[in-house]
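Work through the exercises below with the coordinates open. Each task is followed by a stepwise solution.

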Amino acid sequence: MDQMNTFGILQAIQSNTTIHNFKVPPGWMGLMSMISLAAWIFIYECIYVACARKLTGKEDVRFSTKQKIRVGIVMSILCMLVAGFMERKRREAALETESFVSPVSIALLLPQFVLSGLLEAFAAVAIMEFFNNQVPESMRSVAGSVFFLSLSMASYLNSVLVNVVHALSGRNGRSPWLGGRDLNANRLDYFYFTVAALGVVNFAYFNLFAHRYVFVDVGSREREATERLNEPSS
């Protein structure tokens, strides 16, 4: 999520921002993540849930917390892969024309911003639901603050990662992947692929360890409580 708010905007600045005689402000690209987030919530709540209930005849058709987090992590990996390939195409076109601004249209960056919004719709929303519904009531306020604390920690860790990648990639006199004000002189695509690889590690970690702490989904817990209330007393 943090990459699109930083390097994604830099990509937009060095792309052709003209679409049908309209110049798109690079900062507007961040709106696509919010639009895709809002669109998915509408599709999920108003279309998917209603249609799935009619087709299956079941009340509980929502994705489980584990499923949402898994899909969110996969979305994060896809987001970085798409961003990496789009950056490679943007950079190569800029080098061919020997210009600071690439002739590649800013519209080609839309998929990575959409995926960024979808990963927030799945993973971030699911984690917030987990904190609010599956921790003891006495810890809900603390859990809510931990969620936003984790986002701020991720931003700091991203800065550390950028510095580490810059230092390691620039060893032995080589040109570093990151640094300076011109993305055309960097290899941002390699950095994106590195973040995607970390996403794969994150996916493995969640499936091997972290998923064990997502005990029972909220829908399943509510059904069990309803069934106990409806059971005839002995």
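Burial classes rest on relative accessible area: buried is under 20%, exposed is over 50%, and partly exposed lies in between (1.4 Å probe, protein chains only). The model is predicted: local features need pLDDT of at least 70, side-chain atom pairs count only at pLDDT 80 or more, and totals for chains, interfaces and linings use all residues. Residues are numbered from 1 along each chain as its sequence is written, and side-chain values use heavy atoms, with hydrogens and water left out.

**Exercise 1. Classify Cys-51 and Cys-79 by burial, then count the disulfides.**

Step 1. Cys-51 has 41% relative accessibility, so it is partly exposed. Cys-79 has 1% and is buried.
Step 2. Apply the cut-off: a disulfide is a pair of cysteine sulfur atoms within 2.5 Å.
Step 3. For Cys-51, the closest cysteine sulfur belongs to Cys-46, 11 Å away, which is too far for a bond.
Step 4. The disulfide count is zero.

**Exercise 2. Which residues of the largest nonpolar core touch the most other members?**

Step 1. Define the set: a nonpolar core holds buried Ala, Val, Leu, Ile, Met, Phe, Trp, Tyr and Cys residues joined through side-chain atoms within 4.5 Å.
Step 2. The largest core has 31 residues, and Phe-191 and Tyr-192 touch the most other members.
Step 3. Assign elements. Helices are DSSP runs (H or I, at least four residues), numbered from the N terminus. Two or more core residues come from each of α1 (2-13), α3 (65-97), α4 (110-133), α5 (140-169) and α6 (188-208). The top contributor is α3, with seven residues.
Step 4. List partners of Tyr-192, where contact means heavy atoms within 4.5 Å. Beyond four places in sequence, they include Met-4, Phe-7, Met-80 and Gln-112.

**Exercise 3. How many salt bridges are there, and what does the Glu-45 pair tie together?**

Step 1. Set the criterion: a side-chain nitrogen of Lys or Arg within 4 Å of a carboxyl oxygen of Asp or Glu.
Step 2. The structure holds six such bridges.
Step 3. One of them joins Glu-45 and Arg-62, at 3.0 Å from N to O. Glu-45 sits in helix α2 and Arg-62 in the loop between α2 and α3, so the pair ties together parts 17 residues apart in sequence.
Step 4. Check burial. Glu-45 is partly exposed at 38%. Arg-62 is partly exposed at 38%.
Step 5. Turn to Arg-187 and Asp-189, whose closest N and O atoms are 2.8 Å apart. Asp-189 is buried at 0%. Arg-88, Arg-187 and Asp-189 form a salt-bridge network.

Definitions and conventions:
Contact means heavy atoms within 4.5 Å.
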